[in-house]
Amino acid sequence: MLVRTAKLPDVPALVALGKSFIQEAPNYSSRDFDADALLRNLEGVISGQGAVFVVESDQKIIGGIVCLTTKDWFNNDVIAFEQVFYVQPEYRASRVPLFLIDAFVNWAKHMGASRIQCGTTTGINTKGCLRLYERFGFREYGTLLDMEL
C-alpha cells in the first residue's frame, strides 16, 4: 500500500469514492450528490486550499482524507480540520485508516496548526471512528447536532 498526496488526475477516482461514501452513510444517503460540486471542491483543495491524502492498493485509491486549515474564531491560531475521511469498507480493519490520520496529523504540524479538530457525522461506525481518533491522542469535546430543513 502507498500513502501519497492526491494530484489533479486523481479527482475522478476520488469523486467515485465520494459517491460510494454518500451512498453508504446513513446521515448523507438521502442528500443530493452533485459530482460536479465535489469535483470543483477537490480540485480547489488539491490546487492549494489544503491537501488530500490517499492510500492506493494495486494502483487503486481505497481511501482518502481531505485536510484544510482555518483560523480560530477568537484569535489567529491555525486550526487544521478534516473535511471528509473515508476508507472502503473492506480496508477499514487494515492499517489504511491509521496511515491517513497519521498523514493528516503530520500535515497539520507542517501547516503550523496549534490544534486539529475532527469528528464523525456520517453514522458509519461512529464508535469505531472515535476510538481511532482517540488512539492518536484526540479527546472528545462536545456534540454535533444536525437538523434537516
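## Helix H3 and its surroundings

Let's start with helix H3, which covers residues 96-110: its 15 residues span 21 Å from the first C-alpha to the last, close to the 21 Å expected at 1.5 Å a residue. Please keep in mind that this is a predicted model. Many positions along H3 are buried, namely Val-96, Pro-97, Leu-98, Leu-100, Ile-101, Ala-103, Phe-104, Val-105, Trp-107 and Ala-108.

What lies over those buried residues? The cover of H3 includes five strands and a helix: E1 (2-5), E2 (50-57), E3 (60-71), E4 (78-87), E5 (115-117) and helix H4 (126-135). If you follow the chain just past the end of H3, you come to Gly-112, whose phi is positive, at about 80 degrees.

## Where H3 meets H4

Helices H3 and H4 pack with their axes 11 Å apart and at an angle of about 50 degrees. That angle makes the pair oblique, because it falls in neither the class under 35 degrees, roughly parallel, nor the 65 to 115 class, roughly perpendicular. The crossing of H3 over H4 is right-handed. On the H3 side, the contact is made by Pro-97, Leu-98 and Ile-101, while H4 supplies Leu-132, Tyr-133 and Arg-135. Sorted by class, these residues are five nonpolar, no polar and one charged.

Leu-98 is a good residue to click on here. Leu-98 sits in helix H3 and has a relative accessible area of 13%, so it counts as buried, the limit being under 20%. Beyond its neighbours up to four places away in sequence, Leu-98 touches Leu-132, Arg-135 and Phe-136. One of these partners, Leu-132, is 34 residues away in sequence, yet the two C-alpha atoms are 7.8 Å apart in space.

## A second residue in H4

Leu-130 also belongs to helix H4. With a relative accessibility of 26%, Leu-130 is partly exposed, because that value lies between the 20% limit for buried and the 50% limit for exposed. Its contacts, leaving aside neighbours within four places in sequence, are Thr-120 and Glu-140. Thr-120 is ten residues from Leu-130 along the chain, and their C-alpha atoms are separated by 7.6 Å.

## The H1 and H2 pair

Now for another helix pair. H1 (residues 11-24) and H2 (residues 35-49) have axes 10 Å apart and pack at an angle of about 130 degrees. This makes H1 oblique to H2, because the angle is outside both the 65 to 115 range for roughly perpendicular and the range over 145 for roughly antiparallel. The crossing of H1 and H2 is right-handed.

From H1, the residues in contact are Val-11, Leu-14, Val-15 and Gly-18; from H2, they are Ala-35, Leu-38, Leu-39, Leu-42, Glu-43 and Ile-46. By class, the contact of H1 with H2 comprises eight nonpolar residues, one polar and one charged.

## Val-52 in strand E2

Which residues surround Val-52? Setting aside residues up to four places away in sequence, Val-52 touches Arg-4, Thr-5, Ala-6, Leu-14, Leu-42, Val-45, Ile-46, Ile-65 and Val-66. Among these, Leu-14, Leu-42 and Ile-46 also take part in the contact between H1 and H2.

Val-52 itself is placed in strand E2. At 2% relative accessibility, Val-52 is buried. Its C-alpha lies 13 Å from that of Asp-102, a residue 50 places away along the chain.

## Two loops worth a look

The loop between E2 and E3 holds Asp-58 and Gln-59. Most residues other than glycine have a negative phi. Asp-58 instead has a positive phi near 50 degrees, and Gln-59 likewise has a positive value, near 60 degrees. Are these residues buried or exposed? Asp-58 counts as exposed at 76% relative accessibility, and Gln-59 also counts as exposed at 76%.

Gln-88 lies in another loop, between E4 and H3. Gln-88 is buried, with a relative accessible area of 12%. Apart from residues up to four places away in sequence, Gln-88 touches Leu-17, Lys-60, Ile-61 and Ile-62.

Terms used: Residues are numbered from 1 along each chain as its sequence is written. This is a predicted model: local features need pLDDT of at least 70, side-chain atom pairs count only at pLDDT 80 or more; totals for chains, interfaces and linings use all residues. Side-chain values use heavy atoms; hydrogens and water are left out. Axes are lines fitted to C-alpha atoms, for helices over the stretch in contact, and angles run from 0 to 180 degrees between N-to-C directions. Helices (H or I, at least four residues) and strands (E, at least two) are DSSP runs, numbered from the N terminus. A crossing is left-handed if the near helix is turned anticlockwise from the far one by less than a right angle, and right-handed if clockwise. Contact means heavy atoms within 4.5 Å. Ala, Val, Leu, Ile, Met, Phe, Trp, Tyr, Cys and Pro count as nonpolar, Asp, Glu, Lys and Arg as charged, and the others, Gly among them, as polar. The expected span of a helix is 1.5 Å times one less than its number of residues. Buried means under 20% relative accessible area, exposed over 50%, partly exposed in between (1.4 Å probe, protein chains only).
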